[in-house]
Amino acid sequence: MVTLSINGQRVEVEQDTTVLEAAATIGIKIPTFCHDPRLKPHGSCRICVVEVNGGKNLPTACVTPVYEGMEVETEGEEVVTARKEILDLLLADHPLECLTCEKAGECTLQDLCYQYGIERTSYDGERNHYEIDYSNDFYYSDQNKCIKCGKCVMVCDQLQETHAIGFAERGFETHIATPMERGLSESTCVSCGNCVSVCPVDALAPKKKTKFRYWETEKVRTTCSYCGVGCQMDLLVKDNKVVEVQPAEGVNDRMLCVKGKFAFDFLSHPNRLKMPLIRKDGRLQEASWEEAYDTIIGKINSIKEENGPGAFAGLTSARCSTEDNYMMQKFMRAAIGTNSVDHCARL
Amino acid sequence: MELYRSHILVCGGTGCVSSDSLKIEERFIDLIEKNDLKNEAKVVKTGCFGLCEAGPIVIVYPEGAFYSQLKVEDVDTIVSEHLVKGRIVTDLLYKESIQEGEMQSINDVGFYKKQERVALRNCGVINPEVIEEYIAYDGYEALGRVLTDMTPEEVIQIVKDSGLRGRGGGGFPTGLKWDFTAKAEGDQKYVACNADEGDPGAFMDRSVLEGDPHVIIESMAIAAYAVGANKGYVYIRAEYPIAVNRLQIAIDQAKDMGLLGENIFDTDFSFDMEIRLGAGAFVCGEETALINSIEGKRGMPRPRPPFPAVKGIFNKPTLLNNVETYANVPQIILRGAEWFSSIGTEKSKGTKVFALGGKINNTGLLEIPMGTTLREAIYDVGGGIPNGKAFKAVQTGGPSGGCIPAAHIDTPIDYDNLIELGSMMGSGGMIVMDEDNCMVDIARFFLDFTVEESCGKCTPCRDGTKRMLEMLDKIAAGTGTVEDLTKLQTLAKTIKNASLCGLGQTAPNPVLSTLHYFMDEYEAHVHEKRCPAGVCKALLNYMVIDEKCKKCGICAAKCPVNCISGTKGKTVYHIDTEQCIKCNACLEACPFDAIKKG
């Protein structure tokens, strides 16, 4: 164990803990853009700089390991000056379109500029201009808003392991690009949207079908219904309608696939089945659940009586949970009396 | 072994090669053959002699005749006069080698006299493509001694005791680095050589690799033995084709002789190495970016810790030293730590190679003991400032260093003194400036370089250097404000304190040092809209001095934009400053010095 002090508060943590993690244990929040505990240490955005033992150089809290007797100041004068300067520099090449920006309300850059009182940039220099890449069906890439934290590239490389995007050019011209700048649709991108989920600004964002502001939504934690993995996700709901999905902590380690992340429109589709249908007079007609179960039970009984349990086969779905699948085979074997039961998840 | 009465050493360094030294070599071989001197005179292509200003260079021994700035046709004269008749061709000698009518040997020439060559000892002496020549100069003896007589701990102790510090810029104690790597846990360890020399104007590493490649192989093998590695990488930029080629030849020769490979010197020690080519990014000289590049990734720095000694190439403990650092090691082993530490100052031991350039008579490479003063380097070795101009400042450490003004010219050069003055040793670039250099312009020049070379990873360096350059551009254009001067200082401080790697942390140095020592020049640009050195074009105006004008009209004839009016022989000429493009043609053309700028 290592004992150190952060803003005068003593804290004891395990060896190899970072300053950022140590601060979190005593409720001290240090701002970050590029940090994500799932990724290898990166230290690129420099917004999490802190002062250590009054030293001149300002190390970043996200990658600096603690040591015995360390004295950390997280909001000292030098630190605040550096953070303000970094925000100023980021804004110098970032369009101030917060009024209409889709990310407003959930933008880390906006939050930190508010926290440190940066209203606008003090620089009037060159800006980069990029065409927005709309070629992907589910999300767009607007490099004009990118702050080059690199999280998207790292998530794609280290977690999703698709390697669809990377850094192009150097220095001020550095930007996130697909191979040969051919665009997202020509890349190996699988549209998982995990880059979109980690982007702190509006550089990678879902193509919204509904206009909404983040503060108008309510988060509903749920389990993805697409397959049996059980990914945890937050549905962002506005006026009783799901408008976006964000990955949540769980078995999925805050990752989702293209279906979980983007394919939620069926929820509010007019053709979605909400009631059982029973064919009457040659036409499918809405019926009550009681009526539907009565019909099913009636037909099962009559078929079983006439043809025996061997006439039945059961097929279950990968979209059901393990428990549901278990119940299904139990039902087929115990209630119906057949071993003809199968599952769709096979290649 | 054959004996020759004459040895003709032809410089095969990049500078001389680009001015046809290979054709000179060919011509010598050809004419020696024709004159039937094949058994008497031998042509040796060597590495760089250092005095690139005087290239192409040929030295003929035993006389030590130092022929400079030769043309291919001069070879005919040297062969017919010097080699055939024994008469030294005085007209072709380097002019400083003739004192009072007598020819001096090369070692007595001012440029070489104060030098002490350790890292460069074989450059310009042996043929780098012949391993026997290296061996004849005690090559591989240190490796033999280390492998057969010494434990790894003893080797590390000698390097520690010598006081050798990293020559690539940081000045970290080399022995300590070896010790860390030796103590790091790992089944596989690597040694690597940083030959990604990127500072504008610095070429000492190239020179060592071109002139004495075996010293790097030998030294890396010694290091590998000391730290427990069996594999080495040399990371060289692809823009150094001659160095790459000669190192590869050297590696192949060493393998053939069993000096690389399995069971070297019949011991249990095995070591092999290979070359990795860099694509020319300055940042790849930074150790963690270099490691990424060796691994095949984009050259971007990683956060430290973990340091390469713990997690380096492919996350294995890696010892990474610079070319010049390695070049010192075999001599330290052979001559002892005490010998090495007797050279230099208290905290900077040994010698250091500098690449002298800019406004200096002897442009080239020099190796001087640490503690030599800037004045000695510039005036005694460098031969002073051309055209009788006044010395203004010297920039050391390339784009990471700073400008040291004339007031500090008597400072002894070592790591700590240079840092104290707001500059740094860096890899040893030394650019001399005279009264005609504008310090705002100099700061712009270096910053322009770092802006181009920033890898783009961290915010302060990527965006901060860009904004600093924009402010300097404004100042040079005469639109800078007092706020810009303040802003430059605060921004520079943030970039220095908060950047990820050494490139960003040192990038503001040229700006900070010029602001510190030459604030008056910045203020002249901002307040008076004037460039005191007459460099910043936007602030210059060309005018005819009426009293001096002889109405000849030459200026008007030379003006490419026809902005000079007057009548020949009748009226004094006048320059329309609105139209003038400040090309300086009129000023150069006027025979009567009747045009001034300011």
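These legends go with close-up views of a predicted model with chains A and B.

**View 1. Here is chain A as a whole, with 8 helices and 15 strands.**
Start with the overall dimensions: the C-alpha atoms of chain A fill a box of roughly 90 × 50 × 40 Å along the principal axes. How does the radius of gyration of chain A sit against that of a compact globule? Chain A comes out at 27 Å, while a compact globule of 347 residues would be near 20 Å. As for burial, 33% of the 347 residues count as buried. Taking the contacts in chain A with a separation of 6 or more, 57% are between residues 24 or more positions apart.

**View 2. Chain A splits into domain 1 (2-91), domain 2 (128-207) and domain 3 (308-347).**
The view is on domains 1 and 2 of chain A, whose C-alpha centres lie 27 Å apart. Where these two touch, domain 1 puts in 10 residues and domain 2 puts in 9. On the domain 1 side of that contact you'll find 5 nonpolar, 2 polar and 3 charged residues.

**View 3. This one shows an open sheet of 4 strands in chain A, in the order β2-β1-β4-β3.**
The pairing in this sheet is mixed. Which strands sit at the edges? They are β2 (9-13) and β3 (51-52) of chain A, each pairing on one side only. Inside the sheet, β1 (residues 2-6) of chain A runs parallel to β4 (residues 71-73) of chain A, with 2 bridges between the pair. Look for A:Ser5, which stands opposite A:Glu71 in β4(A).

**View 4. Zoom in on the hairpin made by β1(A) and β2(A).**
These strands run antiparallel and are joined by 5 bridges. One pairing to pick out is A:Ile6, whose bridge partner in β2(A) is A:Gln9. Just 2 residues lie between the strands, and A:Asn7 in the turn has a positive phi of about 50°.

**View 5. Here chain A meets chain B, with 28 residues of A in contact with 24 residues of B.**
Which element gives the most to the chain A side? That's helix α2 (residues 77-91) of chain A, with 7 residues. By class, the chain A side divides into 14 nonpolar, 7 polar and 7 charged residues.

**View 6. Now for chain B as a whole, with 24 helices and 19 strands.**
The C-alpha atoms of chain B fill a box of roughly 90 × 65 × 40 Å along the principal axes. The radius of gyration of chain B is 27 Å, which agrees with the value near 25 Å for a compact globule of 598 residues. Of those 598 residues, 55% count as buried. Among contacts in chain B between residues at least 6 apart in sequence, 71% link residues at least 24 apart.

**View 7. Last up is the largest nonpolar core, which has 237 residues.**
In soluble globular proteins, nonpolar side chains tend to be buried together. The residues with the most contacts inside this core are A:Cys152, B:Val58, B:Val208, B:Ile216, B:Met220 and B:Ile222. Helix α10 (residues 213-227) of chain B gives the most to the core, with 11 residues. What does B:Val58 touch, leaving aside its neighbours within four places in sequence? Its contacts are B:Ile8, B:Leu9, B:Val10, B:Ile24, B:Tyr67 and B:Leu70. Apart from the largest core lies another, of 12 residues, including A:Cys231, A:Met233, A:Val243 and A:Phe264.

Definitions and conventions. Residues are numbered from 1 along each chain as its sequence is written. Chains are lettered from A and ligands numbered from 1 in the order in which they are written. This is a predicted model: local features need pLDDT of at least 70, side-chain atom pairs count only at pLDDT 80 or more; totals for chains, interfaces and linings use all residues. Two residues are in contact if their C-beta atoms, placed from the backbone, lie within 7 Å. Ala, Val, Leu, Ile, Met, Phe, Trp, Tyr, Cys and Pro count as nonpolar, Asp, Glu, Lys and Arg as charged, and the others, Gly among them, as polar. Two strands pair if DSSP finds at least two bridges between them. The radius of gyration is taken over C-alpha atoms; the globule rule is 2.2 Å times the number of residues to the power 0.38. A residue is buried if 20 or more other C-beta atoms lie within 10 Å of its own, exposed if 12 or fewer, and partly exposed in between; C-beta atoms are placed from the backbone. Domain bounds come from an automatic or database domain assignment. A nonpolar core is a set of buried Ala, Val, Leu, Ile, Met, Phe, Trp, Tyr and Cys residues joined through C-beta atoms within 7 Å.
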